[in-house]
Amino acid sequence: MTSGDAGGNGAAADVPHVPFKTAYAGRSPFASSTKPPWTRRYVPLVGWVRGYSRDRVQSDLVAGLTVAALALPASMAYAELAGLPVTAGLYSLLLPVLAYAVLGSGVRVVIGPEGAVALLVASSLAPLAAAGSAEYATLAAALAIAAGAVFLVARLLRIGWVADYFSQSVLVGYITGIAVLMMLSQLEKLTGLSSTYDGAIREAVDIVVHLGDANPPTLAVAGSALLLLVLVGRFLPRWPGALTVVVLGIAASWALDLESHGVSVTGSTPAGLPSFARPHLSLEDLLSLALPAVAIFLVSFADSILTARSFAARHGETVDADQELLAFSAANVAAGFTHGMPIGTSGSRTAVNDAMKATSQLSGLMAFATIVVILLFLTGPIRFLPTAVLGAVIVYASVKLIDPSQWRELASSSRTEVAIAAVTSLCVVVVGVLPAIGVAVVLSIIDVVRRTATPGDAVLGYSDQEGRYADVTTHADAVVTPGVVVYRIQERVFFANAHFFKRRVWAAVDGAPKPVHHLVLDATMISGVDAAAVGAIREVQAGLHGRNISFEVARATDELRADFDATGLTELIGPEHFHGTVSAAVQACVAQHPAPPAA
């Protein structure tokens, strides 16, 4: 039992070796051996177009046209959801998309108006101005700029890692709650009814109670649009169903004069491209946008980075979180200065872009060019578009946002994660989007504390099959050394789990065959200790000493040894009780208390 260990026994003697400083030329072992030029680092599009082939161009152009066909109705629908004119959604498909295409590190990511962000805009601005008013549009543009500023500050501080602290359970619950809230918010458009109640649930109940008063032509338009969306999605999944519904809705509205039958329509849409303008607001209004801007940053970036990483992983690519911060900063600022709205990542359109074999953000440039043509020459017919059709598009998209497979994954992992997701969903629907952000942050923190307060640990024995010390509960062939307990905790020891550490050490000692003469702490996964952990280790050392049990430490990292040296733990335990491997520690224990000869 001398040749294997969880961490190995050093470099093999017959393998050639090179000094680290020579091999790495003095640089960090985590630094790239080749540094790309700054143009490729800060403008990823430059790297993507190198070696471009005709086949790639064709794939990207087709993907861009398809994405534009999906983005057109979605952007108008989400602008309506945010309480803005449809042009705000269309304008957000211009310079913001262009900015991300140039600066974004996600090869296939598609950005633009998005449901969760649109709801955040609506809930944030509702107390400040009337939806649809010029002041409301100005506030929305300013909110986009404010969100872009938050993204920029996050980039300068290099805090892209904050998105990792929204756990999967919180994100799944949040998106599910957003989907439910989006569906409830469209009941007015689908029925032609309005409610005087506040709160999504009370409004929905009021509309359902008075459903008999709904406008029949509006119900017919909404029902037909939903049915067509479902049929196209079921039998023609690659066909742009939303665009088809919008075109047919415009044609039917024009031919049947649906507006005269009480069907609400979008109204006239100005032709041409947006002008550049800085939103003029009072200092009080600007300060009122600070918290919503941070909320948009948190939700938008967390969802965006997860989407980008998910699709990048399918192709063996990587996504630079800090570069994404820069790209989203530029995109939001561009939206704000061109009468747009805050933007996010569209998971559904990104999936379509990937399915159409897009290979670069040239597809984004193609989508940009397509929307330019529409705004210049094809805005006239949009005035006939029934708002019930846009409501149907949002409802259908909302249903697609709810992914049962993600809930099943949470259930297979932990019931606690399902509970966290369910609470998050309920909070979004009941208390609103903005307060739910705070709840989501708190739940994420609680989830992190829960995981670190009760980390994984194990009593180890030697496994011949693995050639190392392994968990005795999962390796049936693992053997233990009489009188020696080998314990491993799989987390940094700090105030949140210091009592857990003490409790589990004593449980391992008390549960071992008697007598116990030595405790070996496999410290390879302990990245550091704080004051509470130092106190816990001192208590363990004192307790072991009182029981005449020696305390051995194996595989402590350099950082942990430095912490032990600085806090006096090394002197307390004794330098001779630190070992490079678990095997060496066990052998030292056996040398002190040899096993009795067999009878």
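Is histidine 339 buried, partly exposed or exposed? Select histidine 339 to begin. Histidine 339 is partly exposed, at a relative accessible area of 38%. The value falls between the cut-offs, because buried means under 20% and exposed means over 50%. Keep in mind throughout that this is a predicted model.

**Stop 1: backbone outliers in the loops**

Stay on histidine 339. This residue sits in the loop that links α16 (321-337) to β2 (344-345). Check its backbone: phi is positive, about 65°, although the residue is not a glycine. Most residues other than glycine have a negative phi, and most peptide bonds are trans.

Now select arginine 158. Here too phi is positive, about 55°, and arginine 158 is not a glycine. Look for arginine 158 in the loop between α8 (134-156) and α9 (168-185).

Next, pick lysine 514 and proline 515 together. The peptide bond from lysine 514 to proline 515 is cis, with omega near -5°. Proline 515 belongs to the loop between α23 (498-511) and β6.

**Stop 2: the sheet**

Show β3 to β8 as a cartoon. What is the order of the 6 strands in the open sheet? Across the sheet, they run β4-β3-β5-β6-β7-β8, with mixed pairing. The edges belong to β4 (468-471) and β8 (578-579). Each edge strand has a single partner, so one side of each is left without a neighbour in the sheet. Strands of a sheet pair through backbone hydrogen bonds, either parallel or antiparallel.

Select β3, residues 457-463. Of its 7 residues, 6 are buried, so β3 is largely enclosed by the rest of the structure. On one pairing, 4 bridges join β3 to β5 in the antiparallel sense. Find aspartate 457 there, opposite isoleucine 489 in β5. Then turn to β4. β3 and β4 also run antiparallel, joined by 4 bridges. Leucine 460 has aspartate 471 of β4 as its bridge partner. Follow the hairpin of β3 and β4 through the 4 residues between the strands. Glycine 467 in this hairpin takes a positive phi near 70°.

Move on to β6 (residues 518-522) and β7 (residues 550-554). These two pair in the parallel sense, over 5 bridges. For a register check, valine 520 stands opposite glutamate 552 in β7.

Add helix α27, residues 582-592. Which strands does α27 lie across? The helix lies across β4, β5 (484-489), β6, β7 and β8. Its direction makes an angle of about 170° with β6.

**Stop 3: glycine 528**

Select glycine 528, in the loop between β6 and α24 (531-546). Glycine 528 counts as buried, at 5% relative accessibility. Leaving aside residues up to four places away in sequence, glycine 528 touches Arg492, Val493, Leu560 and Asp563. For a distance check, draw a line from glycine 528 to threonine 473. The C-alpha atoms are 26 Å apart, and the two residues are 55 apart in sequence.

**Stop 4: two crossing helices**

Hide the sheet. Show α12 (residues 216-235) and α19 (residues 387-401). How do these helices cross? Their axes come within 8 Å and cross at roughly 40°. That angle makes α12 oblique to α19. The crossing of α12 and α19 is right-handed.

Turn on side chains for both helices. The α12 residues that meet α19 are Thr218, Val221, Ala222, Ala225, Leu226, Leu229, Val230 and Gly233. On the α19 side, the meeting residues are Ala388, Val389, Ala392, Val393, Val395 and Tyr396.

**Stop 5: alanine 290**

Go to helix α15 (residues 290-314) and pick alanine 290, which is part of this helix. Alanine 290 is partly exposed, with a relative accessible area of 43%. Now add leucine 143. Alanine 290 and leucine 143 are 147 residues apart along the chain, yet 8.2 Å separates their C-alpha atoms.

**Stop 6: cysteines**

Finish with cysteine 427 and cysteine 589. Cysteine 427 is buried, with a relative accessible area of 17%. Cysteine 589 is buried as well, at 0% relative accessibility. How many disulfides does a search of the whole structure find? The search returns 0 disulfides. A disulfide is a covalent bond between the sulfur atoms of two cysteines.

Key: Residues are numbered from 1 along each chain as its sequence is written. This is a predicted model: local features need pLDDT of at least 70, side-chain atom pairs count only at pLDDT 80 or more; totals for chains, interfaces and linings use all residues. Side-chain values use heavy atoms; hydrogens and water are left out. Two strands pair if DSSP finds at least two bridges between them. Contact means heavy atoms within 4.5 Å. Axes are lines fitted to C-alpha atoms, for helices over the stretch in contact, and angles run from 0 to 180 degrees between N-to-C directions. A disulfide is a pair of cysteine sulfur atoms within 2.5 Å. Buried means under 20% relative accessible area, exposed over 50%, partly exposed in between (1.4 Å probe, protein chains only). Angles under 35 degrees count as roughly parallel, over 145 as roughly antiparallel, 65 to 115 as roughly perpendicular and the rest as oblique. A crossing is left-handed if the near helix is turned anticlockwise from the far one by less than a right angle, and right-handed if clockwise.
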